[in-house]
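Reader: I should be grateful for a close look at a single helix and its surroundings. Please explain the terms as they arise.

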Amino acid sequence: MDKKEDGFVPPRHWIGPEELKASYWSNPEVQAKRGSEFFEKPMDAIARMDTVGLARREFLTVMGASMAMATLACARRPVHKIIPFVVQPEEIVPGVPNHYASTCGECSAGCGTVVKTREGRPIKIEGNPHHEVNRGRLCARGQASLLGLYDPDRLKLPVHQKRGVVPEEMSWEALDAAVVRVLRLSMKDQARVRVLTGAVTSPSLRALLKTFTGAFRQGAHVEYEPLAVESLALGQESSYGSALVPRIMLDKATYVLSFSADFLGTGISPVEHAGDWAKARLSGEGDKARMSKLICFEAPMTVTGANADERFAILPGDELSLALAIVHSLIIGKKIGGIFDPSFLKTLATYTPLRVAKATGIEEIVIHRIAEDLVKHRGASLVLAGGTQPVALHVVVNLLNSILGNEGVTIDGVRDVSLVMSRYAQMYQLVHDMQSGKVDVLITVGVNPVYVIPEEQLPFQAALKRVQTVIRIAPNLDETAHVADYVVPRAHFLESWGDYESRVGLWSVQQPTISPLHGARSCEDTLIAWGHALGVIAATDAHEYVKSYWKEHIYQKQSAVSFEAFWEGVLREGFVKVSKGALYARTFRYPALSGLPEYIGKVALGNGPSGITATLVLTPSHSLFDGRHANNPWLQELPDPITSVTWDNYASISPGFAKTLGVKNDDVIRLNHTHNLAVYVQPGLRDGVLHVALGYGRGAAGKVGTGAGINAFHWVGSRGPAQQQFSGQVVQVEKTGMFYQLASTQWHTATEHRPIINDITLQEYRKDPAAHSETDPELRAETPSIWPEHTYTTYKWGMSIDMTACTGCGACVIACQAENNVPVVGREQVRVSRQMHWIRIDRYYSGAPEHPDVIFQPMLCQHCENAPCETVCPVLATVHDDEGLNVQVYNRCVGTRYCQNNCPYKVRRFNFFDHWKSYEGTMNMVWNPDVTVRTRGIMEKCTFCVQRIADAKDRAKDAGENVHDGQFQTACQQTCPTNAIVFGNRNDAASKVSRLAGSARAFRSLEVLNVKPAISYLTKVRNKPAKEAKA
Amino acid sequence: MSGPKMKLVLVVAIAGGIGVLGKAIELFPTASNQGYAPEQPILFSHKIHTGDNKIPCLYCHSGAERSRHATVPALNVCMNCHLVVKTESPLIQQVQKAYEEKKPIAWVRVHELPDYVYFPHKRHVAAGVACEACHGDIASMSRVEQKGALTMGWCMECHRGETAPPEVLRRMYPHVQDPHGPVAPVQCSTCHH
């Protein structure tokens, strides 16, 4: 960006493309905002409050009343009661946490967890460090699943509703009696019973469903989940013979080529894959530095694309032709030998790189270069395709992996995740059976068909009217529950017995850590209760069932000890592993290629006859996935890693396309004359592409999730029983003239061109490991200090964050929120830049807006040696302690906010309201009892998890020693899937954090200010051609 | 309501608040609950248990060694003795009844710190601070009373060594004739997080 307009030098790193224009900075509105550091004044906010429910007058009343109460409280303390146990359980000591090994139940990855409970209630979920899938890490969704347990909207009792009549609660006994009566009649009358579930990942549940549905002569289990990786499994089936999800080993891949596969964000097993991928990233220093390379072709901007060394924005649907052009370059270009079927070669011949390049807008030289690189990295590369991409693309990707010799090296052919049995065709068949009156009883669990199935494509709701009895097993009254006859409260996974086959030979157990709230029952328990009453299942509860399943199927494989001893070991460790032998390479079946179409050219795009059209791309939401987490306020308020938007979905379009439409950020557009969506201008998209996240717009998720955003499943395409289509639909787009302010955290922290982040290329790094020091003249400015230096006797806590490893996934944000009682503020407060996250992920771009590079920076309190906040606090509520922490003393703080104003990193958060009051009912059980719940009027910020430091010191003192390196981890560090965060004692020269802080790549953010942060960032290194980096 | 008018209302509200607060501070000079001795649901006497019968504090308050909380014993701890001891007493029968009916007793909390204070019993017990140092002569109390002020200044005096028990001082400064000086950390983050 050396282009100058009137002497204006565009910033090297930018937040939004508008910053690249001089006119933006001279705009008086922007200048005024800069003056107030993009924060709003409280009076403005109070004036706004008329529109958000709490009127100004009420606000003053509340203020006055609480002030009076505060003064009265001085006079008489409230009387509190201590209620001890009648009989204290042996393992419980009030104040001392217990930890239980279990398995995360939020997706099909099957990550091992360790659940921390206090006085019998789970307060934090962390990864199980011994578990091979996630190695102690969890994603944001896994971390946030804790709050799902305490969802106040969970059903308290079963519900009976005659359709169209007001639902009424019923007792469990009445429910069981009613359902068993129906089922018993079904057994006698040979009624057709269907159990519809989402993707089943538990081997014991699969066996249970088989027994249960087998009890009815016409019973069947239907498995369908919209975002299960069905096409990947089908692609595997046609390429290798069985529909499975192979294990991919990104740690062994030096070259990764992805076609819209978001394996770092919303993929099959993001924690495992991100961890593996990070292992193969930068190692060694100077000319010995090695680094894997990630190439990404994708239409939307995903977390994976943002982390790619080279990302190519494409039009949705071009993945297949690009993949085949690369195959063309490899096979017909004779880069790789082999004998191929002549009919395939004939088809392939139509995909010449030149032709594909012309049609897709990707340079021909790029296609050849990638083909050459793939050959160079033979046997150590990996080609991936997104789970919702068409089967044909998966077949081509399998072909590539096979001819490149990756099978058995970076891909283990034995199934990894449990068999993927979810099929849209099954769902399609079910609806048709229902329509023709061939289903008498329908039980649905997990998947939420009324929400995820577009009624115009597949009339599920209409067909439901012909089913006599509909039973819904769900945690709350969701969309499908509203149309059911009986709704059965379903327990959370933290309350249930279950299991996972996370990987071949790796079985994980899911054990309850609390007895079900409101007496809910797990899906297994409910089915067992009914099956037992019908006399088809011997077990009486899920505990017994799971245990006997393990005895029969898993224990036998390693019967060195008694079963009870084995089972106890399993419950302690959380999993059991049986050696499965060497990696398995399969042979590609060439007939799989016979169905490939000849190349026809460009996908239809652009201006149609009836106005402007756009091509849709629908992806899972990074935080809500398929909408299952919609009622989780932590995830609703987690800013999207790419767009920083919270609480809504939106239409991401390129700056060029926005210009064509005449819209800018927050303008509302209408799609197909029916649905309104706010615009988010996203650099790095192709013109004409419109990206929307799924998972929003729930009709009945609960108080938090209902109505947030719009339901994009509406546009998921399908043609008969064939697979659903998640991208490539063409929609009409029109401007509405309306405006909807998205709650984005993007502009809350403008850097104003200061050197806050840094990135270099691998080539530069090889030449000079400290090359990043040259990127900005102000980066290393030495300024004399007027402050005396602090001295430290034992500990000086510090952190290092590797920006090469950070993928921006946001797991740390939620882990911190759970650990530190960080409240949720809601959409309106985020709009006025008052979100409370102690750690945030700042996303910056560099390069041209058409194909920008992305860099993520986790930003939290830097615990500066010369902290600017400390010097301005009039009441010494923020001070430096003797272990290098910048501590915030809540009980001293009077809320002047001077510190926030003076913080160059903008990491201090002010409680404008009693946000904790928004946690209602059971939600209050989620608070961490070791951290103060902050009230209105005080400042807070990252404490480096001081309660964990205190706990580590306590344990070290018990042992009569000092805290040793790695003895404990901060919450953010603990969950980081890529190990980007390291915390420790900088007073110990041998500690990992000290070594990293002294490494050549280390720099301190805004070092020029001489505030001496305790956090060192490690420069981001990109494995991309150097000349393009300067573009 | 217009801007200036609202500002006036705000100013009046704040000034009024400060006035009320000032009066409250005048009436109640410290926020301490010193001398608080509430009636308990069962007339439990520490004097009989730990004074007359010399039961060690940690027998019942076993959490004090292991946890932040000293913990009030569960009923099964009471029943360890009272299954056989003094079973004819109507007070003990009250306890037995609660135990049999599985109804926990709601004791009234005497010593209470604000929510933002994290006081660990465990570290104090490990450092050899006697229970009486803070709780007073419990062995002579029929009804427990808060003896110490439990204010921050009161804590700090001890941490700085001014009111620290002599045995703690001697252990901290073993080779000094007349030991004095700080005995424990005085960082904000030690207790507030």
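Author: The account below concerns helix α16 of chain A, followed by its neighbour α8 and the wider setting.

This is a predicted model, in which local features need pLDDT of at least 70 and side-chain atom pairs count only at pLDDT 80 or more, while totals for chains, interfaces and linings use all residues. Residues are numbered from 1 along each chain as its sequence is written, and chains are lettered from A and ligands numbered from 1 in the order in which they are written.

Helices (H or I, at least four residues) and strands (E, at least two) are DSSP runs, numbered from the N terminus. Helix α16(A) comprises the 12 residues 424–435. The expected span of a helix is 1.5 Å times one less than its number of residues; for α16(A) this gives 16 Å, and the end C-alpha atoms are 16 Å apart, which agrees.

Y424(A), M427(A), L430(A), V431(A) and M434(A) are the buried residues of this helix. A residue is buried if 20 or more other C-beta atoms, placed from the backbone, lie within 10 Å of its own. These five residues of α16(A) cover an arc of only 115 degrees around the axis, which puts them on the same side of the helix. The arc is that of the directions from the helix axis to the C-beta atoms. An α-helix has 3.6 residues a turn, so residues three or four places apart point the same way.

The cover over the buried residues of α16(A) includes strands β8 (192–197) and β9 (218–223), together with helices α8 (230–240) and α18 (460–464), of chain A. Contact here requires the C-beta atoms of two residues, placed from the backbone, to lie within 7 Å. Just after α16(A), G437(A) adopts a positive phi of about 70 degrees.

Helix α8(A) has its own buried residues: E230(A), S231(A), L232(A), A233(A), G235(A), Q236(A) and S239(A). Among the elements that cover them are β10 (245–248), α15 (391–403) and α16 of chain A. G241(A), which follows α8(A), also has a positive phi, near 105 degrees.

As to the wider setting, the largest nonpolar core has 270 residues, and V327(A) is one of those with the most contacts inside it. Such a core is a set of buried Ala, Val, Leu, Ile, Met, Phe, Trp, Tyr and Cys residues joined through C-beta atoms within 7 Å. Leaving aside neighbours within four places in sequence, V327(A) is in contact with L348(A), V396(A), L399(A) and L400(A).

Terms used: Buried ≥ 20, exposed ≤ 12 C-beta atoms within 10 Å, placed from the backbone.
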